[in-house]
Amino acid sequence: MTTPAQPEAIEALLKEGRRFPPPPAFAAQANAKPGIYEEAADAEAWWTGWARKLEWSKPFTQGLVWNEPFATWFADGELNASVNALDRHVRNGLASRVAYYYEGEPGDRWTVTYGELLDAVCRFANGLRKLGVKKGDRVAIYMPMIVELPIAMLACARIGAAHSVIFGGFAPDAIVDRVNDSECVALITADQGWRRGKKVPLKANCDEAVAKGMPSLKHVIVAKRVGDPVDMVAGRDHWWDDVVKDQPSTCEPERMNAEDLLFLLYTSGTTAKPKGIKHTTGGYLTGVTATHKLVFDLKEEADVYWCAADIGWVTGHSYIVYGPLCNGASSVLYEGTPDFPDKDRLWEIVDRYKVTILYTAPTAIRTFMKWGTAYVDKHDMTSLRLLGSVGEPINPEAWMWYHTHIGGGRCPVVDTWWQTETGAIMITPLPGITTLKPGSATKPFPGIGVDILDEAGNSVPLGGGGYIVLTKPWPAMMRGIYGDDARYKETYWSRFPHKYLAGDGCNRDIDGDYWFMGRIDDVMNISGHRISTAEVESALVDHPDVAEAAVVGKSDDVTGQAIAAFVSLKSHANGTPELADELRDHVSHILGKFVHPKYLTFTQELPKTRSGKIMRRLLRDIAEGRMLGDTTTLADSSVVAELQSRAVEEANKEE
């Protein structure tokens, strides 16, 4: 485990002196009121109050039961996620309210109301039941950002089958790993998707994955998105339209225990095998409903909300699907990228739908900064009233650009910190009561316990930095790693007794506000996506010319971190630029096109201790161009000097 943050990075951030108190007009109407933190001092009572805002088919009488490190919340209650997202709103006269303003990449667009969404979910849920999918099964979903994606998720939830969404940028091997680990009985996909005007071969990727072996899989369901012919295997493959044909528009929902599995979502770990994060129904819905309402100051009758993430990641689960729908919000759902057909696509969408709340990633914001303000200035952005940031730490200048040029200097910016594992936002400003500091996520959300510890596990005084930990259970927390309780305990609970180790380095200033510094383990944060160094190393070593590989994250102005790979070749191979490109493509083929080593350095040897352990700490220092720390344990110190020289050459090529 590495030092949580470089001292110079901490010093630079904590010199940030700009402050933005809540605008009086915003504060006057804000959902979060002064005194909210005091109200949440009894965390269990606070969360129980939010849970009671959901609709329960069997009301709960239990709150938290804590059997460290496993929690249950509301465990004697029953409810259904799709009922909370749809039925109760329709019953309350909101059938005609827009659930999603859909915008396809080619320019196709339509609105989907709550009534229409409920109808579509019920028909697809009935179709799944007819295929034999039942309560307790797992269903994989590998789709583009089309309306059928949340329909598929909610249909699974309706019949009690846990969904496992796989990001549409992943390659076939990732599908195999995830389907087989959770023994999915069905895989829902599309013929193809659109990305920057090109067709993404989703069904073909699924076929390649199935060919590698998926013993549990019985059905592949294919939605028509692009319309080109695809191979269909009789008996196994079904068109979406055929699955829903003649199905009734009502579907009796399963009564789910609060602790029944709602979904799995796989995230990178420090080993090559991804972790299947388990989220259950009652606690998760409580967490995302509360945070979505308060953090984004949602006025469901007036706001047009847009989380510009992908549903393949937890941000999309919590703040495109479950949080907004449970709160009755009207959201934008966009299929494409910010730069297609031109670099003003996002601002065009904000203008068209009069978006009031925008939630996006620092990587995107830094990219918009590079493009300049001309693209923003072409469109009317005055509908915006609140901005959000998610996925990685945001640097103060990107925060200021976002606040000034996107928010017109009038919109509070909520910089949020949380994880796949936490399920919902953990540290965030509350607009209307929080004084904002560019670059700081400010305070823990009400009811959340947080501390910063040093190497010895002692709480660090204000003004210091270290390892961020969560100190008490919360409803939306993960319920473990699928099929691997031992790994859950080892990964999150073994470093510091009775504390959840988040894996991020953080500083807490003299006001008690939190400033995040990035990962402290062997997981890289590339454009807000967590990528395991072990996964990339395994992909590199899979190439027949590679003997050994080590991968670290290198700071990048746009993506936060970039992948820096150090590769030792077998004796027959030569480290040519052509081979470097071939290895980059090889990694992308195995893990997905978004996983692409930006820097690749060939070396005869990797720096190792005398016991044979690769010293990634030194590789990080080399990649970042820093002064090297202690090298006395190296078996051959000359290796480092050679690597420093080659890494500089590689960086110069890229720049």
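A residue counts as buried here when its relative accessible area is under 20%. By that yardstick, 60% of the 655 residues in this chain are buried. Keep in mind that we're looking at a predicted model. Below is a quick tour, from the overall fold down to a buried threonine and a handful of salt bridges.

**Overall build**

- The chain has 21 helices and 29 strands.
- Its radius of gyration is 24 Å, which agrees with the value near 26 Å that a compact globule of 655 residues would have.
- Along the principal axes, the C-alpha trace runs about 75 × 60 × 55 Å.
- Take the contacts between residues at least 6 apart in sequence: 72% of them join residues at least 24 apart.

**Surface and charge**

- About 24300 Å² of the chain is exposed, and carbon and sulfur atoms supply 51% of that.
- The chain carries 70 positive and 86 negative charges, and the mean positions of the two sets sit 3 Å apart.

**Around Thr428**

- Thr428 is in the loop that runs between strand S20 (413-415) and strand S21 (450-453).
- With 0% relative accessibility, Thr428 counts as buried, because the cut-off is under 20%.
- Leaving aside residues up to four places away in sequence, Thr428 touches Val295, Val414, Asp415, Thr416, Ala441, Thr442, Lys443 and Phe445.

**Salt bridges**

- Searching the whole structure turns up 38 salt bridges.
- One of them pairs the side chains of Glu78 and Arg255, at 2.9 Å from N to O. It links distant parts of the chain, 177 residues apart: Glu78 is in strand S3 (residues 78-79), while Arg255 is in the loop between helix H10 (240-244) and strand S13 (256-257). Arg255 is partly exposed, at 44% relative accessibility.
- Lys443, already met as a contact of Thr428, bridges to Asp513, with the closest N and O atoms 2.4 Å apart. This pair also links distant parts of the chain, 70 residues apart: Lys443 belongs to the loop between S20 and S21, and Asp513 to the loop between strand S23 (500-508) and strand S24 (514-519). Lys443 is partly exposed at 28% relative accessibility, whereas Asp513 is buried at 4%.
- Arg495 and Glu455 meet through their side chains at 2.8 Å, N to O. Arg495 lies in the loop between helix H17 (485-493) and S23, and Glu455 in the loop between S21 and strand S22 (465-470), so the bridge ties together parts 40 residues apart in sequence. Arg495 is partly exposed, with a relative accessible area of 28%, and Glu455 is partly exposed too, with 48%.
- Elsewhere, a network of salt bridges links Glu103, Arg109, Arg345, Glu348 and Arg352.

Key: Residues numbered from 1 in each chain as written. Predicted model: local features only at pLDDT ≥ 70, side-chain atom pairs only at ≥ 80, totals over all residues. Heavy atoms only, no water. Helix = DSSP H or I, 4+ residues; strand = E, 2+ residues; numbered from the N terminus. Rg over C-alpha atoms; globule rule 2.2 N^0.38 Å. Buried < 20%, exposed > 50% of the residue type's maximum accessible area, 1.4 Å probe, protein only. Contact = heavy atoms within 4.5 Å. Areas by Shrake-Rupley, 256 points an atom, 1.4 Å probe, with all protein chains shown as cover. Lys, Arg positive; Asp, Glu negative; His and termini not counted. Charge placed at Lys NZ, Arg CZ, Asp CG, Glu CD. Salt bridge = Lys/Arg side-chain N within 4 Å of Asp/Glu carboxyl O.
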